[in-house]
There are 2 protein chains.
Amino acid sequence: MSSDLQGFELPLRLLLGFRVLIDELHEELARQGHPRMRPMHGFVFQAIMRAGGRYGTTAADLGRALGVSKQAAGKTIDMLEGLGYLRPGHDPGDARRKTYTLTPHAHDALERSEQIFEDLRDQWAETIGEDRLRAMVEDLRKVTPPDAFRLDTPQWFNAP
Amino acid sequence: MSSDLQGFELPLRLLLGFRVLIDELHEELARQGHPRMRPMHGFVFQAIMRAGGRYGTTAADLGRALGVSKQAAGKTIDMLEGLGYLRPGHDPGDARRKTYTLTPHAHDALERSEQIFEDLRDQWAETIGEDRLRAMVEDLRKVTPPDAFRLDTPQWFNAP
DNA sequence: CTAGTATGGACAAGATGGTTGTCTATATAG
DNA sequence: CTATATAGACAACCATCTTGTCCATACTAG
């Protein structure tokens, strides 16, 4: 980055760091049988695991978890179901709820993501040192909200 | 963040760190007379300053600099011109080029952004320590591309 | 000088991914 | 039993970026 960015360097490096990890994750995921996974799908899977109830997660649940409308969440669910990552079900105690749970294919994607992130983390540790990397994450925890799972609008940096 | 994210923590914290800075920047910018500035406009201003020629930057220049189509860049330019951040001009040596340069209002926004980022940086330094913060940026420099000004598609984490 | 090629800008159409609003069916609280 | 809240389906709309086409201007090789 050229010298004239000065004050912009901290945010920019954070964004670039994120991009580097995410881009490499998805290159590798594509090689490992998940070519259609998109950058946010891993987060969506996590949200689906945690947001729902006993019998799975509904579009409304997911929308609340991700901070988007239930309609937007519904479209994401349709796509993921089409890709074989979600399986529909129902809640025997509430006939309104159309639930979804992760398929084995989705669990495979999550496990591979974990492994790939771990490998990338190890590469970073080799470059900057394990202690420094640990310090970085620890420090970031101190300056970011503790439980920010919602990213609020996924297009937040384009949003009006 | 709950414990089960494990490997996702590094990328997530990087993204959250970026969001925290950008959100606070724009809250403060709004207070300081720039309520319509959007998260990427600061980067666009930087790109406009550096991407063009002697007489300013064209939509095609900007598109190349940002990694988007010239049409998309043109729409961004239209919006920024409408907000009073860009002034049209022309290149006396090339009648095809419709150039744009930053207005004083845009320079004001850039200066205020610099100042606000500096203040936010100081807050972080107070929380985690000046040395640790410096180490963080230094380390991120080592693991990110040196001159990545292009963010390639601005919607990269939604892109197909 | 001229012919061919490259580039800037305008315009239109389409994809994507989000929004709000409305409707019906089911649940739940009083 | 009635009133209210919520799930889901459907439709309309909006924003942003894309591709493709077209014309005017510039550049380069002969």
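**Figure 1. Protein residues around DNA strand C in the predicted model.** DNA strand C is surrounded by 22 residues, and those that come nearest are A:R38, A:S69, A:Q71, A:A95 and B:K98. Sugar or phosphate supplies 58% of the strand C atoms within 4 Å of the protein, and bases supply the rest. By class, the residues of this surface are seven nonpolar, six polar and nine charged.

**Figure 2. Polar contacts to DNA strand C from A:R38, B:R64 and B:R96.** An N or O atom in the side chain of A:R38 lies 2.4 Å from a phosphate oxygen of DNA strand C. The side chain of B:R64 also has an N or O atom facing a phosphate oxygen of this strand, at 3.3 Å. For B:R96, the partner of the side-chain N or O atom is a base oxygen of DNA strand C, 2.7 Å away. Elements giving two or more residues to the surface near DNA strand C are α4 and β2 of chain A, and α3 (59-66), α4 and β2 of chain B. The largest share, five residues, comes from α4(A).

**Figure 3. Protein residues around DNA strand D.** Here 20 residues surround the strand, the closest being A:K70, A:K98, B:S69, B:Q71 and B:A95. Of the atoms of DNA strand D that come within 4 Å of the protein, 57% are accounted for by sugar and phosphate. The surface near DNA strand D is made up of six nonpolar, five polar and nine charged residues.

**Figure 4. Polar contacts to DNA strand D from B:Q71, B:K75 and B:A95.** A base oxygen of DNA strand D is 2.4 Å from a polar side-chain atom of B:Q71. B:K75 places a polar side-chain atom 2.9 Å from a base nitrogen of the strand. At B:A95 a polar backbone atom is involved, 2.5 Å from a phosphate oxygen of DNA strand D. Two or more residues of the surface near this strand come from each of α3 (59-66), α4 (70-82) and β2 (94-102) in chain A, and from each of α4 (70-82) and β2 (94-102) in chain B.

**Figure 5. Crossing of helices α2 and α3 in chain A.** The axes of α2(A), residues 41-51, and α3(A) come within 9 Å and cross at roughly 115°. The crossing is right-handed. From α2(A), residues A:V44, A:A47, A:I48 and A:A51 meet A:D61, A:L62, A:A65 and A:L66 of α3(A). This contact comprises seven nonpolar residues, no polar residues and one charged residue.

Note on methods: Residues are numbered from 1 along each chain as its sequence is written. Chains are lettered from A and ligands numbered from 1 in the order in which they are written. This is a predicted model: local features need pLDDT of at least 70, side-chain atom pairs count only at pLDDT 80 or more; totals for chains, interfaces and linings use all residues. Side-chain values use heavy atoms; hydrogens and water are left out. A residue is near a molecule or strand if one of its heavy atoms lies within 4 Å of it. A polar contact is a pair of N or O atoms within 3.5 Å; within protein, one must be able to donate a hydrogen and the other to accept it, and residues adjacent in sequence count only if both atoms are side-chain atoms. Helices (H or I, at least four residues) and strands (E, at least two) are DSSP runs, numbered from the N terminus. Ala, Val, Leu, Ile, Met, Phe, Trp, Tyr, Cys and Pro count as nonpolar, Asp, Glu, Lys and Arg as charged, and the others, Gly among them, as polar. Axes are lines fitted to C-alpha atoms, for helices over the stretch in contact, and angles run from 0 to 180 degrees between N-to-C directions. A crossing is left-handed if the near helix is turned anticlockwise from the far one by less than a right angle, and right-handed if clockwise. Contact means heavy atoms within 4.5 Å.
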